[in-house]
Amino acid sequence: MAQATAAIRRAQPGETVTPPTNAEIMFDHHSADHADNWVSVYENMRDKCPVAHSSSYGGFYVLTKYADVAAAIGDDDTFSSLNQQEEGSIFGGIIIPPSPMVSCPVEMDPPDFHGYRKLLNPYFTPRYSNSWEPFTRDVTTAMLNRVIESGKLDLIHDLASPVPALLTAKLLGLPLHDWRLYSDISHKVVYTPRDTPEFDETTKGLLEILAKVQLVVDERRVEPKDDLISALTQATVNGSPLSSERIMEICHLVIAGGNDTTTALLSNAFAWLQEHPDQLEWLREDPSRLPAACEEFLRIFTPTQGLARTVTRDVEFGGHQMKRGDRVLLAFASANRDPEAFPNPDEVVLDRFPNRHQAFGLGIHRCLGSNYARMEFVVVMEELLRRLDDLDVKLDAAHRYESVGIVNGWVDMPATFKPGERFDSEFEKEFF
Amino acid sequence: MNADNSSIDRSVLMQVEVDLGKCVGHAQCFAAASAVYDLSDEDGTCVIRYAEIPSAHEAEARHGADACPERAITVIP
């Protein structure tokens with residue numbers, strides 16, 4: 001159990017308490033205990049030690065207040081995102097412990113960062129993302145068609161996992177007949193425990209996907225098509241074309257960022273709506289309520305619970321003397337429950353406004369795929385509301401991830417519904 | 001009364017400014033008030049549709065400004 005071990009007494013009414021300096025706590029964001037208790041753990045920390053130090057994973061600070069996370073994430077000079085895969089480098093990138101695969105451009109700092117982000121931005125604007133709505137709806141229709149006559153499905157394996165995986169593959173320009181591979185692996189790779197035979201299988205699958213990506217990169221260099229990988233092979237940044245390695249780093253980000261996070265957003269929403277059927281009906285009554293609901297689900301569940309930085313210079317922050325090379329976890333999940341930022345923060349209010357949450361981060365590294373995530377949420381929810389009558393999610397047969405250290409998601413989520421009809425789908429015609 | 005005999009006080013039409021140094025393309029201004037805010041096709045950043053906000057759109061202009069997580073939009077006055 002995460003406990004503040006610094007000596008602290010409870011504040012009296014009307015008294016202001018200065019948070020302790022150098023608070024040291026037991027904190028492991030990957031632990032099963034944290035997965036079960038993160039809401040109360042973070043509440044406790046915001047109250048008693050908003051900036052605290054953990055000795056896990058070689059040591060890191062945790063920032064839990066909205067204002068502190070915003071301040072740090074806005075200061076890219078002091079809090080670096082760089083992931084430098086070199087012996088002895090202090091730069092561990094945006095995951096604790098560091099990811100062995102670099103993601104570009106999120107794990108870069110200005111000025112290098114800007115050239116790559118500029119290159120990608122046009123493919124991730126709201127308008128461009130929305131142009132993928134017909135495809136997304138068509139794939140969703142196909143996925144529902146597969147189960148619609150049986151009256152049962154797994155909301156994750158059959159719907160929330162394939163839709164983002166297929167959209168991402170299509171956007172990149174990967175072959176879609178491999179859709180089952182993308183869908184299964186991108187889901188499993190996030191939650192499968194290490195040191196298990198399942199993890200080895202998953203790693204094999206991941207390598208298979210990456211091999212396919214590399215193949216497509218090589219093909220598109222020679223014969224570009226109208227997809228993102230082609231655009232990357234033909235582009236230049238600062239006058240130079242992108243190396244294969246760099247393109248793979250970008251593809252890694254798009255795949256990792258685009259798949260399981262969106263799946264987790266949807267899964268958490270399905271689970272919550274099962275427990276609040278009146279709210280499900282409220283959404284069904286008027287689907288124009290879905291975008292605001294999406295923001296509130298993002299805030300309350302925060303699928304990407306937190307990301308990291310490396311301190312570049314000695315600096316005093318939140319009562320701690322941070323040193324160059326120190327690692328810092330920006331706890332978005334905690335910022336999103338901060339009562340100083342959100343009235344009644346633990347209450348789900350589907351039309352909450354304003355909702356300036358940090359589920360997509362803040363600042364220059366704001367989630368590239370945020371507009372796709374929002375579009376996918378609305379499309380999948382619209383089709384679910386339209387086609388799955390009497391939806392009954394079997395929550396006691398559903399399983400959350402054991403760890404929310406990377407993504408706050410669900411492994412599986414069986415459900416039943418009243419059998420319905422198939423609708424036309426181009427994707428189905430082509431790939432089933 | 002103005003010199004041209006009109007009654008509208010043209011000196012107090014609302015203006016809205018976006019600090020593009022802060023705008024990172026969350027697109028919540030657009031989601032809240034697309035009548036006032038558009039988004040760039042280059043990078044999804046905020047583009048304000050009016051030099052001066054018509055009074056019919058004043059409430060929306062404030063709504064869109066409030067939506068921004070970066071507090072990049074200022075309403076004047």
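Which are the buried residues of α11(A)? The close-ups below, all taken from a predicted model, start with that helix.

**View 1. Helix α11 of chain A and its cover.** The buried residues here are A:Ile247, A:Met248, A:Glu249, A:Ile250, A:Cys251, A:His252, A:Leu253, A:Val254, A:Ile255 and A:Gly258. Their covering includes α3, α7, α9, α10 and α12 of chain A. The helix itself runs over residues 244-258, and its 15 residues reach 21 Å from the first C-alpha to the last, close to the 21 Å expected.

**View 2. α7(A) packed with α16(A).** Here the axes lie 11 Å apart at an angle of about 135°, which makes α7(A) oblique to α16(A). The crossing is right-handed. From α7(A), A:Val163, A:Pro164, A:Leu167 and A:Leu171 meet A:Tyr372, A:Met375, A:Glu376 and A:Val380 of α16(A). Sorted by character, the residues of this contact are seven nonpolar, one charged and no polar.

**View 3. Cis peptide bonds before A:Pro97 and A:Pro354.** Look for the bond from A:Ile96 to A:Pro97, with omega near -5°; A:Pro97 sits in the loop between β4 and α3 of chain A. The bond from A:Phe353 to A:Pro354 also has omega near -5°, and A:Pro354 belongs to the loop between α15 and α16 of chain A.

**View 4. Positive phi at A:Tyr57 and A:Thr302.** Neither A:Tyr57, with phi of about 50°, nor A:Thr302, with phi of about 40°, is a glycine. A:Tyr57, in the loop between β2 and β3 of chain A, is partly exposed at 37% relative accessible area. A:Thr302, in the loop between α14 and β8 of chain A, is buried at 0%.

Note on methods:
Residues are numbered from 1 along each chain as its sequence is written. Chains are lettered from A and ligands numbered from 1 in the order in which they are written. This is a predicted model: local features need pLDDT of at least 70, side-chain atom pairs count only at pLDDT 80 or more; totals for chains, interfaces and linings use all residues. Side-chain values use heavy atoms; hydrogens and water are left out. Helices (H or I, at least four residues) and strands (E, at least two) are DSSP runs, numbered from the N terminus. The expected span of a helix is 1.5 Å times one less than its number of residues. Buried means under 20% relative accessible area, exposed over 50%, partly exposed in between (1.4 Å probe, protein chains only). Contact means heavy atoms within 4.5 Å. Axes are lines fitted to C-alpha atoms, for helices over the stretch in contact, and angles run from 0 to 180 degrees between N-to-C directions. Angles under 35 degrees count as roughly parallel, over 145 as roughly antiparallel, 65 to 115 as roughly perpendicular and the rest as oblique. A crossing is left-handed if the near helix is turned anticlockwise from the far one by less than a right angle, and right-handed if clockwise. Ala, Val, Leu, Ile, Met, Phe, Trp, Tyr, Cys and Pro count as nonpolar, Asp, Glu, Lys and Arg as charged, and the others, Gly among them, as polar.
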